[in-house]
Number of protein chains: 2
Amino acid sequence: MKTYIGIDLGGTNVRVAKISEDGKVLSQVKGPSYGTEGPAKVMKNLKEMIREIPDWRECSGIGIGVPGPVDTKAGTMVLSTNLPGFSGYPIADELSKEFGMPAFLDNDANVAGLAEALVGAGKGLGTVFYVTISTGIGGVLVVNGKTVSGKHGFGGEIANIIIDRDREKINYLNVGAVENEASGTAITRKGKAAFGDDKIQHAGNVLDLAAKGDEKAKEIKACMEKDLGQLFATIACVCDPDMFIIGGGMTKSADKFLPGVIEQYKAMSHTAVHDTPFVIAGLEEPGIIGAAMLPVSNGI
Amino acid sequence: MKTYIGIDLGGTNVRVAKISEDGKVLSQVKGPSYGTEGPAKVMKNLKEMIREIPDWRECSGIGIGVPGPVDTKAGTMVLSTNLPGFSGYPIADELSKEFGMPAFLDNDANVAGLAEALVGAGKGLGTVFYVTISTGIGGVLVVNGKTVSGKHGFGGEIANIIIDRDREKINYLNVGAVENEASGTAITRKGKAAFGDDKIQHAGNVLDLAAKGDEKAKEIKACMEKDLGQLFATIACVCDPDMFIIGGGMTKSADKFLPGVIEQYKAMSHTAVHDTPFVIAGLEEPGIIGAAMLPVSNGI
């Protein structure tokens, strides 16, 4: 069975693992990424960690997940807020030359979705859309085992989709952008506005209040369910996935809001697509497994 | 060079052509489809027409475009309003057995988009989204030369995407569905409401009035441009295509509204995706050429 090197490179930490083609973690090295110290330091450290992987020479390829949009063809980051100096830096090329095997770069959310699509819940399906609902809202479309990153690496960057024009302007995103209305951050903001900073630390507090029958909390929850239902209905119109896979921190409370989201999705969709399954992401290490799947999805 | 049989099967007419793999029409037969007389009559007639194509035996495969959503895996129509009796009928299987070559079925809008993506403006690009703006609004996503029809054949069926919740209920589609707000039919409806049935026969009349400076017509046009701009911005968030290709009857007036649509698209999109090209569909026979490209996109 083929093996691959998967790398989850964040602004603070980095993990390097040897992964089998069916998604098993065979060995793993973790450590600080030195993300604020610039590419020379980050890359030197990363190369040393790869050499710590037993029999790394037997691997068929390298995949790297990074925070932010990526030019997958060039193997470079387009924006690198959490890894200063890496915008346009040839990460994939440099690792490919150093270790003598093909290397591929993609966004960390894309990579997590790829893991779920290839060796997780979506295994064997043609079209999978992965949505992460956490601090923000992101996603990735996987078609025939390949992420659809698109022209600028923005494929699946669904945060800015407008679900309702009649909302407040919050930040640089569109008025009514789904991330500003239905993410964990958004529900926390709405909860604090309704109940005060003391009562609400995170979105889960709002969902708990709603479960106890609080009318204001139930309104916030109903609005979130409609906003997310519309997001999924919109995505279904574009690519009609075989499965929606949902990851991210908010899935801890999925039992509280997902049934309502699916109900709203159905209310805004043709009956033919009502049976599309909504599945909670189940892999324990989607970041490094998905990174290791990048060479697989590129036919290596 | 390989050749394929492309079939454009409508409710009224049918066209059968021999097409080269680079999209040239080598020979063509046209006639009535007998669409209202049921599958037995339609299929008998269609088979006779295929046999009229010179050297049809040399072709490598058959592709059929039909009006309405298709189960591409089964090779059957899901809904067949214009071809009664064809819902679930094994069109592709029957032609494949009869002529001893692989046969594939897809929706006529998907097929037209496939033609534009494979041998038209999108030739050689990885991700292409084709949008048709006509009586209705439809589309298709083409990734690496294959249409993404999805689980139920509804991939690209963008008509029902909600662009604004604050609109009238028009029909079975969602309130604020883009087809009810920005299609040719929608602009005609809005024009008739504003100017009366006498002055407005079709959407072009409204655009002409706007060009002459009429304030009400300019409002309708500005609303259409914002609605379509939001549609394209939404699609870009899902799949970030290398190119948007726009077909359908409304493209005759594209010079009047497309610049405004692109301006609105940019206003609702990340700057990174502002350079995505919007190209008017240019093939003369996308229906039969695209049908013939179905075997190509399936690796035949």
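## A guided tour, beginning at the end of a helix

Select A:G196 first: this glycine comes directly after helix α5(A) and has a positive phi, near 95°. The model in your viewer is a predicted one, and every stop on this tour should be read with that in mind.

**Helix α5 of chain A**

Step back from the glycine and select residues 184-195 of chain A, which make up helix α5. At 1.5 Å a residue, these 12 residues should span 16 Å, and the end C-alpha atoms are indeed 16 Å apart, so the expected and the modelled spans agree. Now colour A:G184, A:A186, A:I187, A:K190 and A:G191, which are the buried residues of α5(A). Looking down the axis, you will find that they cover an arc of only 160°, which puts them on the same side of the helix. To see what lies over them, show residues 178-182 (α4), 203-211 (α6) and 215-239 (α7) of chain A, since these helices are among the elements that cover the buried residues of α5(A).

**Helix α2 of chain A**

Move next to residues 91-99 of chain A, helix α2, and select A:I91, A:A92 and A:L95, which are buried. Why can these residues be said to line one face of the helix? Seen down the axis of α2(A), the buried residues fall within an arc of 95°, so they line one face. The background is general: an α-helix has 3.6 residues a turn, so residues three or four places apart point the same way. The cover over the buried residues of α2(A) includes β4 (62-66), β6 (76-77) and β7 of chain A. As you leave the helix, select A:G100, which follows α2(A) and has a positive phi, near 65°.

**Two positive phi values outside glycine**

Most residues other than glycine have a negative phi, and the next two selections depart from that pattern. Select A:N144, which is not a glycine and yet has a positive phi of about 50°; you will find A:N144 in the loop between β9 (137-143) and β10 (146-147) of chain A. Because A:N144 has 15 C-beta neighbours inside 10 Å, it counts as partly exposed. Then select A:D240, where phi is near 40°, again a positive value in a residue other than glycine. A:D240 lies in the loop between α7 and β11 (243-247) of chain A. Is A:D240 buried or exposed? With 26 C-beta neighbours inside 10 Å, A:D240 counts as buried.

**A:V128 in strand β8**

Select A:V128, a residue of strand β8, which runs through residues 127-133 of chain A. A:V128 is buried, because 29 other C-beta atoms lie within 10 Å and 20 or more are enough to count as buried. Leaving aside neighbours within four places in sequence, the contacts of A:V128 are A:A117, A:G122, A:V142, A:P241, A:D242, A:M243 and A:I245. If you also mark A:V140, the C-alpha to C-alpha distance to A:V128 is 8.3 Å, with their positions 12 residues apart in sequence.

**The two domains of chain A**

Colour chain A by its domain assignment, which gives domain 1 as 3-114 + 284-297 and domain 2 as 124-280. The C-alpha centres of the two domains lie 28 Å apart, and the contact takes 14 residues from domain 1 and 16 residues from domain 2. On the side of domain 1 that touches domain 2, the elements giving two or more residues are β5 (70-71), β7 (103-107), α3 (108-119) and α9 (286-297) of chain A. Of these, α3(A) gives the most, with five residues. By class, this side of domain 1 has seven nonpolar, five polar and two charged residues.

**Chain A as a whole**

Zoom out to the full chain, whose secondary structure comes to nine helices and 12 strands. Along the principal axes, the C-alpha atoms of chain A fill a box of roughly 60 × 45 × 30 Å. A compact globule of 300 residues would have a radius of gyration near 19 Å, and chain A has 20 Å, which agrees. Of the 300 residues of chain A, 53% count as buried.

**Where chain B meets chain A**

Finally, display both chains and select their contact, which takes 36 residues from chain B and 35 residues from chain A. On the chain B side, β9 (137-143) and α7 (215-239) of chain B are the elements that give two or more residues, and α7(B) gives the most, with seven residues. The residues on this side of chain B divide into 18 nonpolar, 11 polar and seven charged.

Definitions and conventions:
Residues are numbered from 1 along each chain as its sequence is written. Chains are lettered from A and ligands numbered from 1 in the order in which they are written. This is a predicted model: local features need pLDDT of at least 70, side-chain atom pairs count only at pLDDT 80 or more; totals for chains, interfaces and linings use all residues. Helices (H or I, at least four residues) and strands (E, at least two) are DSSP runs, numbered from the N terminus. The expected span of a helix is 1.5 Å times one less than its number of residues. A residue is buried if 20 or more other C-beta atoms lie within 10 Å of its own, exposed if 12 or fewer, and partly exposed in between; C-beta atoms are placed from the backbone. The arc is that of the directions from the helix axis to the C-beta atoms. Two residues are in contact if their C-beta atoms, placed from the backbone, lie within 7 Å. Ala, Val, Leu, Ile, Met, Phe, Trp, Tyr, Cys and Pro count as nonpolar, Asp, Glu, Lys and Arg as charged, and the others, Gly among them, as polar. Domain bounds come from an automatic or database domain assignment. The radius of gyration is taken over C-alpha atoms; the globule rule is 2.2 Å times the number of residues to the power 0.38.
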